[in-house]
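Trainee: I would like to learn how to read a structure like this one step by step. Could you take me through some features, giving the general idea and then the case before us?

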Amino acid sequence: MTMDVIVLNGGSSSGKSGIVRCLQALLPDPWLALGTDTLVEAMPASLRASDAGIEFAADGEVSVGPRFRALEAAWIEGIAAMARAGPRIIVDEVFLGQAGSQQRWQKALGGLQVLWVGVRCDGTVAADREIARGDRVAGMALSQADLVHHGVVYDLEVDTTHTESMECARTIAAHVG
């Protein structure tokens, strides 16, 4: 079965972006990479520090408001429309809404072949990566490490705690037709 979309879900600094780059190098067809970070960067600055948009608390907690949810819904539908138009897409996501987040994606991606992949990483390892990156609010990785997986159903899971991105990508690529 040929996949149209690969959805990678994992907490901040779990290794999703590295896996995405490796998948793009490994897979024979071109795959577009889109993710929640792209959405946040595309939003006006006024919504990146607003209770109506998205807020990053000093302790790493992320909260989203109604304007963010509206933009996110349009974003998800847009990615689904692109996938239906032909390009294969890898989605780099953080399901802060847990199963509800996955359900929104499932609804939009209906009729497409989707590989749902959980990207796990021990919270303390992800927190160390977060510090090394220097571009995240401290605490996000630890708070999201398990939270984003609650109630989410996967076709496949990988764990980057002790496994390199390329090895994880090879495991995922083996499930892509």
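Trainee: Is Ser-13 buried or exposed?

Mentor: Please keep in mind throughout that this is a predicted model. The general idea is a cut-off, for a residue is called buried when its relative accessible area is under 20%. Ser-13 has a relative accessibility of 5%, and therefore it counts as buried. This residue lies in the loop between β1 and α1, and its phi is near 65°, which is a positive value in a residue other than glycine.

Trainee: Which other residue, again not a glycine, has a positive phi, near 55°?

Mentor: That is Gln-98, with its phi near 55°, and it lies in the loop between β5 (88-93) and α4 (99-108). Gln-98 counts as partly exposed, because its relative accessibility is 23%. You may also look at Gly-134, which follows α5 and has a positive phi near 75°.

Trainee: How should I read the buried residues of a helix, and which are they in α5?

Mentor: The general idea is that an α-helix has 3.6 residues a turn, so residues three or four places apart point the same way. In helix α5, which covers residues 123-133, the buried residues are Gly-123, Ala-126, Ala-127 and Glu-130. They cover an arc of only 105° around the axis, which puts them on the same side of α5. On the other side of this helix, Asp-128, Ile-131 and Ala-132 are exposed.

Trainee: What do the buried residues of α5 pack against?

Mentor: They pack against α6 (140-144).

Trainee: Which residues of helix α7 are buried?

Mentor: In α7, which is made of residues 165-173, the buried residues are Cys-168, Ala-169, Ile-172 and Ala-173. When you look down the axis of α7, these buried residues fall within an arc of 135°, so they line one face of the helix. Among the elements that cover them are β1 (5-9), α1 (16-26), β6 (114-120) and β7 (156-159).

Trainee: Where is Arg-170 found, and why does this residue count as exposed?

Mentor: Arg-170 is found in helix α7, and it counts as exposed because its relative accessibility is 52%, where the cut-off for exposed is over 50%. If you wish to relate the two helices we have discussed, the C-alpha atoms of Arg-170 and Ala-126 are separated by 21 Å, and these residues are 44 apart along the chain.

Trainee: How many helices and strands does the chain have?

Mentor: The chain has 7 helices and 7 strands, and when you follow them from the N terminus, their order is β-α-β-α-β-β-α-β-α-β-α-α-β-α.

Trainee: What radius of gyration does the chain have, and what would a compact globule have?

Mentor: The general idea is to compare the chain with what its number of residues would lead you to expect. For 177 residues, a compact globule would have a radius of gyration near 16 Å, and the chain has 15 Å, which agrees. Along its principal axes, the C-alpha trace spans about 45 × 35 × 25 Å. Buried residues make up 46% of the 177 residues. Of the contacts with a separation of 6 or more, 75% are between residues that lie 24 or more positions apart.

Trainee: What can I say about the surface and the charges of the chain?

Mentor: The accessible surface comes to about 8500 Å², and 54% of it belongs to carbon and sulfur atoms. The chain has 14 positive and 22 negative charges, and the mean positions of these two groups are 5 Å apart.

Note on methods: Residues numbered from 1 in each chain as written. Predicted model: local features only at pLDDT ≥ 70, side-chain atom pairs only at ≥ 80, totals over all residues. Heavy atoms only, no water. Buried < 20%, exposed > 50% of the residue type's maximum accessible area, 1.4 Å probe, protein only. Helix = DSSP H or I, 4+ residues; strand = E, 2+ residues; numbered from the N terminus. Arc of directions from axis to C-beta. Contact = heavy atoms within 4.5 Å. Rg over C-alpha atoms; globule rule 2.2 N^0.38 Å. Areas by Shrake-Rupley, 256 points an atom, 1.4 Å probe, with all protein chains shown as cover. Lys, Arg positive; Asp, Glu negative; His and termini not counted. Charge placed at Lys NZ, Arg CZ, Asp CG, Glu CD.
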